[in-house]
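Student: Please take one part of this model, the surroundings of the ligand, and look at it closely. I would like one connected account, with the cut-offs behind each term.

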Amino acid sequence: MIERPLKVGIIGPGGIARSAHAPYYINDKRTELAAVTSRTLEKAEAFAKDFNVPAAYDDTQTMLENEDIDLVSICTPNKFHKDAVIQSLKAGCHVLCEKPPAMSLAEAEEMEFAAEEAGKVLMYAFHHRYNLETQVLKRAIEAGDLGSIYHTNVQAMRRRGIPGWGVFTNKELQGGGPLIDVGVHMLDLALYLTDFPEPIEVMGSTHKRIGHKPGVGLLGQWDPAKYEVEDLATGMVRFQNGMSMLIESSFAANQKEEETLNVKLLGDQGGAETAPLQLFEEKHGSLLNTTPAYLEKTDPRSSYERQITHFIDCCRGEAKPLSTPAQGTTVQRIVEGLYESAAKCQSVSLL
Ligand SMILES: NC(=O)c1ccc[n+]([C@@H]2O[C@H](COP(=O)([O-])OP(=O)(O)OC[C@H]3O[C@@H](n4cnc5c(N)ncnc54)[C@H](O)[C@@H]3O)[C@@H](O)[C@H]2O)c1
């Protein structure tokens, strides 16, 4: 049992580090923020001042060499995840890396291998797993309430939700648009709920019809001149166990709903939707709708807090990680396959 607070390094002190990582390490007595690194010293120092972090750097390797850090949160743009993960693991740190795991399948595989070599925790920040409703549904599925799940429908659709900050529309830094950014959250959730069946084939399409036009939406005003990624990705995934999956993900679409983040599951004994949680169960000669009456804390942001708490538990050897590097690799395999299929206009085998 480790008694002293674990020292935390923040790599990439932008929006998500500020809102979903730093505050929860500060709140947890078992950790203390020890150092931060960014692309420029100015940014690292600004974060250090705001969160009372004793050391600021403009180079990850230097931070890892100079500071005695136990665990890191990696919150850089996607392009820099892989190097930061591998450097941190080699320096003996446990790692919580923001989603998506990486830019490509090859990178995710390298990261998985590095975690195995280092014998350290590597978790990806798929925080929807930590939603209390997700956990209720997971228990229902494990108890067999849905029977055999044969189809899932994955939706991460925004009407006008192109991020107006950061580099989310920059293909070189992010690797893609809504599919690799928000689609991955719901894709991971569907795979987690169905116990990660082996994907064997994908067929995807991408479209860029709205992002290049000026506009404003849920997440501010974007720069149409810098819009380089798809604004809609759709696809189908076929799994070894016979399960099928439809996936739809957009930053901007001419649809009625503001935003839909949902996974629909169809089983031969029942079905479910995640947002809000509803179960549809064949019982007593009827199909019954079930919803939770009370859940302690369903604020979506509380799942960020539970994620950090769980990561700290895992770093202290007190819990088994809820997400594994191999699962991150599978998510990446499907994302890459869908993009490849869209580019080639044909289905792609993942075997
Ligand atoms: N889990 C979620 O819900 C969620 C939400 C938003 C973003 N994210 C993920 O978090 C990551 C960052 O997103 P954000 O919204 O915080 O972006 P951001 O642009 O606000 O922050 C990124 C930060 O990384 C820094 N940075 C850039 N290159 C770096 C490098 N090589 N080394 C160190 N720091 C570097 C930037 O200066 C900036 O401070 C992305 O991978 C994104 O997919 C996750």
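Tutor: UniProt, in an unreviewed entry, places the feature "domain: Gfo/Idh/MocA-like oxidoreductase N-terminal" at residues 6-125; its positions are given in the numbering used here, its feature names are shortened, and its annotations may be inferred rather than shown by experiment. The model is predicted, so that local features need pLDDT of at least 70 and side-chain atom pairs count only at pLDDT 80 or more, whereas totals for chains, interfaces and linings use all residues. Residues are numbered from 1 along each chain as its sequence is written, and side-chain values use heavy atoms, with hydrogens and water left out.

Over residues 6-125 the chain is 46% helix and 24% strand, with the end C-alpha atoms 19 Å apart; helices (H or I, at least four residues) and strands (E, at least two) are DSSP runs numbered from the N terminus. The unreviewed UniProt entry also places "domain: GFO/IDH/MocA-like oxidoreductase" at residues 135-272, a span that is 20% helix and 36% strand and whose end C-alpha atoms lie 13 Å apart.

The ligand lies between domain 1 (6-125) and domain 2 (129-303 + 331-349), because both give residues to the shell around it; these bounds come from an automatic or database domain assignment. There are 26 residues around the ligand, and G15, I16, N78, K99 and Y304 come nearest, where a residue is near if one of its heavy atoms lies within 4 Å of the molecule. By class, the shell holds 10 nonpolar, 11 polar and 5 charged residues; Ala, Val, Leu, Ile, Met, Phe, Trp, Tyr, Cys and Pro count as nonpolar, Asp, Glu, Lys and Arg as charged, and the others, Gly among them, as polar.

Three polar contacts can be described (pairs of N or O atoms within 3.5 Å; within protein, one must be able to donate a hydrogen and the other to accept it, and residues adjacent in sequence count only if both atoms are side-chain atoms). A backbone N or O atom of G15 lies 2.9 Å from an oxygen atom of the ligand, a polar backbone atom of T76 is 3.1 Å from a ligand oxygen, and in H185 a side-chain N or O atom is 3.3 Å from an oxygen atom of the ligand. Taken alone the ligand exposes 850 Å², of which the protein buries 88%; accessible areas come from the Shrake-Rupley method with a 1.4 Å probe, and for residues only the protein chains shown count as cover. The elements giving two or more residues to the shell are α1 (15-27) and α8 (178-193).

K99, one of the residues that come nearest to the ligand, is joined to P100 by a cis peptide bond with omega about -15°. Most peptide bonds are trans. P100 itself sits in the loop between β5 (94-98) and α5 (105-118). A cis bond also runs from A275 to P276, with omega near -5°, and P276 lies in the loop between β14 (270-273) and β15 (278-283).
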